[in-house]
Amino acid sequence: MWNETADHEHGAGGWAGGESSFMTDRKPDSKAATLGDRLPVPVTISNLNEHFSATDDKYIIGNFRFATVQTVGIVKEINQEGTTWSYDLCDPNNEAMEYRALKYENEGSNSDQSSIVEGTRVRAIGKLKSFDGSNSIMLFNITPVTDDKDFTIFELEAEAARLFFQKNMNDKLKSDASSRGFQGMLAPPKSRAGQQPMQQSSQGSDKKERLYPAQSQVNVEGDLRQRVTAVLKGVSEEAHEEGSNILWIAEQLQEKDIKKLRDCLSGMVENGLAYTTTDEETFSVI
């Protein structure tokens, strides 16, 4: 989900948690601006067309400005020129609203574009760019959306994100005065019903928390994905942008089964949780 995807540093509970927000117009050189430029906000093609600022390549919701987006569209036309793929996408609910997405492939890349065909729905994730009067998404990843439930979930996420940032819920949730009376997941942590205090370990309260969950607590597949996510989120800002090679990831995890790790990373890419950077063997987490 969009609020789970953005659960990032400093223990932030989704986009509304911690001190890191996606408002990139407060401190242009702050970590918040860096996160806002990288992490994708779900948005329909119609809203993207209506609220895109070509002057700074940002999608604007209220006081918030995003450079990276996630959208779903129907492929109207595909063109290839050398190693560049161009996709003309339209809003599934309003075909008059279109947006262009571009995917650059490295020389010798074995990326398979055969699953992306005209007339099908796709999920596109990438950075916004305006050049010479043409607005486009510079793609990190593009994948087919074949399940109607996945599309319905995206529509709900996009609307929830629009309302969340339009109403500036990020700041309201941080304010004791404005959040008083909120219930459920919107309630401040101390006032959530049924919340139990953390139990102290029998080894003492100063025992360091494990980086990875105990194997008995989660299944093997889920555990591997969580471990991969932890490793990729733990790299420096510069390394995050460049990405981490699969062999380096395997070394950090002490994972000898490279095929199993590659399948896990491929699944994360397909689900919009990660993307390839410099080549098909180098990954960064969203």
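## Report on a predicted single-chain model

Thr-276 touches Phe-140, Thr-282 and Phe-283, once residues up to four places away in sequence are left out of the count. The coordinates discussed here belong to a predicted model, and the residue with which this report opens is found in strand E11, which spans residues 274-276. With a relative accessible area of 15%, Thr-276 is buried, because buried means under 20% on this scale.

**The sheet around Thr-276**

Strand E11 belongs to an open sheet of three strands, whose order is E10-E12-E11 and whose pairing is antiparallel. Strand E10 (244-245) and E11 stand at the edges of this sheet, each with a single partner strand, so that one side of each is left without a neighbour in the sheet. Between E10 and strand E12 (residues 282-285), which run antiparallel, there are two bridges, and Asn-245 stands opposite Thr-282 in E12. Thr-282 is also one of the residues that Thr-276 touches.

**The chain as a whole**

The chain holds ten helices and twelve strands. Of its 286 residues, 41% are buried. Among contacts between residues at least 6 apart in sequence, 58% join residues that are at least 24 apart.

**Strand E6 and its two partners**

Why can strand E6 be called largely enclosed by the rest of the structure? Seven of the eight residues of E6 (residues 84-91) are buried, and the description follows because of that count. E6 pairs with strand E5 (residues 68-81) in the antiparallel sense, over seven bridges, and in this pairing the bridge partner of Gln-80 is Trp-85 of E6. The hairpin of E5 and E6 has two residues between the strands, and Gly-82 takes a positive phi near 65° in that hairpin.

E6 is also joined to strand E7 (residues 94-104), with which it runs antiparallel, by eight bridges. Here the bridge partner of Leu-89 is Tyr-99 in E7, and the connection from E6 to E7 is a hairpin through two residues. As a general background to such strands, side chains in a regular strand alternate between the two faces of the sheet.

**Asn-49 and its contacts**

Tyr-99 appears again in the surroundings of Asn-49, a residue that lies in helix H3 (residues 45-50). Leaving aside neighbours within four places in sequence, Asn-49 is in contact with Met-97, Glu-98 and Tyr-99. Asn-49 and Tyr-59 are ten residues apart in sequence, and their C-alpha atoms are 8.8 Å apart in space. The relative accessible area of Asn-49 is 31%, and Asn-49 is therefore partly exposed.

**Packing of helices H9 and H10**

Helix H9 (residues 246-253) and helix H10 (residues 258-270) pack at an angle of about 110°, and their axes are 11 Å apart. That angle makes H9 roughly perpendicular to H10, because values of 65 to 115 degrees are placed in that class. The crossing of the two helices is right-handed. On the side of H9 the contact is made by Ile-246, Leu-247, Ile-249, Ala-250 and Leu-253, while H10 contributes Ile-258, Leu-261, Arg-262 and Leu-265. How do the residues of this contact divide into nonpolar, polar and charged, or what is the number in each class? In the contact of H9 with H10 there are eight nonpolar residues, no polar residues and one charged residue.

**Positive phi outside glycine, and accessibility**

Asp-57 has a positive phi of about 55° although it is not a glycine, and Asp-57 lies in the loop between strand E2 (52-53) and strand E3 (58-61). Phi of Gln-254 is near 55°, again a positive value in a residue other than glycine, and the place of Gln-254 is in the loop between H9 and H10. Are these residues buried or exposed? Asp-57 is buried, with a relative accessible area of 15%, whereas Gln-254 counts as exposed at 72% relative accessibility. The table sets out the accessibility of the individual residues discussed in this report.

| Residue | Relative accessible area | Class |
|---|---|---|
| Thr-276 | 15% | buried |
| Asp-57 | 15% | buried |
| Asn-49 | 31% | partly exposed |
| Gln-254 | 72% | exposed |

Note on methods:
Residues numbered from 1 in each chain as written. Predicted model: local features only at pLDDT ≥ 70, side-chain atom pairs only at ≥ 80, totals over all residues. Heavy atoms only, no water. Buried < 20%, exposed > 50% of the residue type's maximum accessible area, 1.4 Å probe, protein only. Helix = DSSP H or I, 4+ residues; strand = E, 2+ residues; numbered from the N terminus. Pairing = 2+ DSSP bridges. Axes fitted to C-alpha atoms, helices over the stretch in contact; angles between N-to-C directions. Parallel < 35°, antiparallel > 145°, perpendicular 65-115°, else oblique. Left-handed = near helix turned anticlockwise from the far one by under 90°. Contact = heavy atoms within 4.5 Å. Nonpolar A, V, L, I, M, F, W, Y, C, P; charged D, E, K, R; others polar.
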